[in-house]
Amino acid sequence: MFTSFSTALSALSATSTAIDVVGNNLANMNTPGFKTSAVAFRDLVTQSLGAGLGETQVGFGTGLPLTIRQFTQGAIQTSSGLLDAAIQGDGFFVVSDQNGNTLYTRSGNFQVDKSGNLLTDTGQKVQGWTTINPATQAVDTNGPLGNIVVPVGSLNAPTATTQFTCDLNLNSAATADTTSDFSTPMTVYDSLGNSHVLTLNFEKTGANQWSYNVTIPGEDVSGGTLGTPFPISGASGTFTFDSSGNLTGPAVGSPITFGITSLADGAADMNLSWNPYTSTGAARITQFAQPSAPSASSQNGSPAAQLVHVGLANGGGVLAQYSNGHQLIVGQVAIASIRNADTLIAQGNNNFQLSALTANPSIGVPGTGGRGLIVGGSIEASTVDIATEFTNLITYQRAYEANGKVVTSADQLSQDTINLIR
């Protein structure tokens, strides 16, 4: 009789705990990266009454239930946050708290503080790599982990132009005199980031033959005259074509090289290469019976630029975009793979820490070594299923009511026994 009290009370306690777990799951239905917990009940030691074939075993009820975190994949939802990220597959973001402790999370709501540190929405510092390999100009992911610090309000240094191309057609029907003159502009940048508009000049000098020269505004160079084009030394020559209008001279692999010295703004001398062929050897300049006109141009320089914004790209690269349109990868978010993630201990704020049973995390680049992929501009939704939780809630409620009935029944039997004595 007294055993029935204890077994029922243990069930009431266990069921109450299970209801608390369901309540916590439902409370986190909208928490990004939240993983639902399941409840596992277990019985207590069985008491044996009697012996032999007629032995009777009576249990002592149920123990405190175990909660098992279910690390299943949540739905990937597109978000408006430039720094939001979701993990598609296995793995955790690695973060560091204010005390330097390493924690793990699936929540990818990131932001940047005033010092440029990439943080979770609860203030932990996101871990990864930011060192740039000078040989490859890519993020070096072979070094130790560290806080990801993005450039805040920084300028991107200018890049002086060293190469340019121009795709154009020269009119084969033009006469070999000054009426055939044709010119097109080409903007280049010096070492200070100032732009200079070069002019590519062409004149037909004979059948299938055109002369060219390159000038720069006179005010851009020392010794030049305002408003008068200044011819660039070494930037002149002849283009020749075959009877089909294909470029034959200069030959493939012989780019036109020249220098611009004594720039008026004090920038370093420029050394330029103009290649009239593509990397595959196709001519960029043709001579057909169509008006002389350019169709495309390119150059590899850029002015100084202000940082516009920072975002997280697919794959976990921290992408800095500058006002000149250039984009640079300035960091790489790390992912930790943990074989037995269900042994992690929840620390609140969507963070987990290792337990004594947890395998050593394997930290590396997303998409390698079995680690999941990072999807930029997205968040992982909670894995809580409202229908499942409501079903569990009804089941636990009925179990609580049933065990409450056991308590009242045992109490009635106790009163009946006392009345027998009287």
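**Exercise 1. Aromatic pairs**

Task: State how many aromatic pairs a search of the whole structure finds, and classify the pair of phenylalanine 164 and phenylalanine 258.

Solution:
- The search finds 13 aromatic pairs in this structure, which is a predicted model.
- A pair of aromatic rings is described by the distance of the centres and the angle of the planes.
- For phenylalanine 164 and phenylalanine 258, the ring centres are 6.2 Å apart and the planes stand at 65°.
- Planes over 60 degrees apart count as edge-to-face, so this pair is edge-to-face.
- Phenylalanine 164 belongs to strand S16 (residues 163-169) and phenylalanine 258 to strand S22 (residues 256-260), so the pair links parts of the chain that are 94 residues apart.

**Exercise 2. Buried or exposed**

Task: Decide whether phenylalanine 164 and phenylalanine 258 are buried or exposed.

Solution:
- The cut-off for buried is under 20% relative accessible area.
- Phenylalanine 164 has 1% relative accessibility and therefore counts as buried.
- Phenylalanine 258 has 6%, so it counts as buried as well.

**Exercise 3. A pair between S19 and S23**

Task: Classify the ring pair of tyrosine 212 and tryptophan 274, and place both residues in the chain.

Solution:
- The centres of the two rings lie 5.6 Å apart with the planes at 80°, so tyrosine 212 and tryptophan 274 form an edge-to-face pair.
- Tyrosine 212 sits in strand S19 (residues 209-217) and tryptophan 274 in strand S23 (residues 270-274), 62 residues apart.
- Both tyrosine 212 and tryptophan 274 are buried.
- Ring pairs join these two residues, along with Phe164, Phe182, Phe202, Phe239 and Phe258, into a cluster.

**Exercise 4. The sheet that contains S19**

Task: Give the strand order of the open sheet of five strands and explain which strands stand at its edges.

Solution:
- The order is S17-S18-S19-S20-S21, and the pairing is antiparallel.
- Strand S17 (182-189) and strand S21 (247-249) each have a single partner strand, so one side of each has no neighbour in the sheet, and these are the edges.
- Neighbouring strands are turned by 35° against each other on average, direction ignored.
- S19 pairs with strand S20 (residues 229-241) over eight bridges, and tyrosine 212 stands opposite glycine 237 in S20.

**Exercise 5. Nonpolar cores**

Task: Name the residues that touch the most other members of the largest nonpolar core.

Solution:
- The largest core has 31 residues, and Phe202, Phe239, Ile260 and Trp274 touch the most other members.
- Among the elements that give two or more residues to this core are S16, S19, S22 and S23.
- Leaving aside residues up to four places away in sequence, isoleucine 260 touches residues including Leu198, Ile216, Val221 and Leu272.
- A second, separate core of 22 residues includes Val95, Leu118, Val318 and Ile335.

Key:
Residues are numbered from 1 along each chain as its sequence is written. This is a predicted model: local features need pLDDT of at least 70, side-chain atom pairs count only at pLDDT 80 or more; totals for chains, interfaces and linings use all residues. Side-chain values use heavy atoms; hydrogens and water are left out. Rings of Phe, Tyr and Trp (its six-membered ring) pair if their centres lie within 6.5 Å; planes under 30 degrees apart count as stacked, over 60 as edge-to-face and the rest as tilted. Helices (H or I, at least four residues) and strands (E, at least two) are DSSP runs, numbered from the N terminus. Buried means under 20% relative accessible area, exposed over 50%, partly exposed in between (1.4 Å probe, protein chains only). Two strands pair if DSSP finds at least two bridges between them. Axes are lines fitted to C-alpha atoms, for helices over the stretch in contact, and angles run from 0 to 180 degrees between N-to-C directions. A nonpolar core is a set of buried Ala, Val, Leu, Ile, Met, Phe, Trp, Tyr and Cys residues joined through side-chain atoms within 4.5 Å. Contact means heavy atoms within 4.5 Å.
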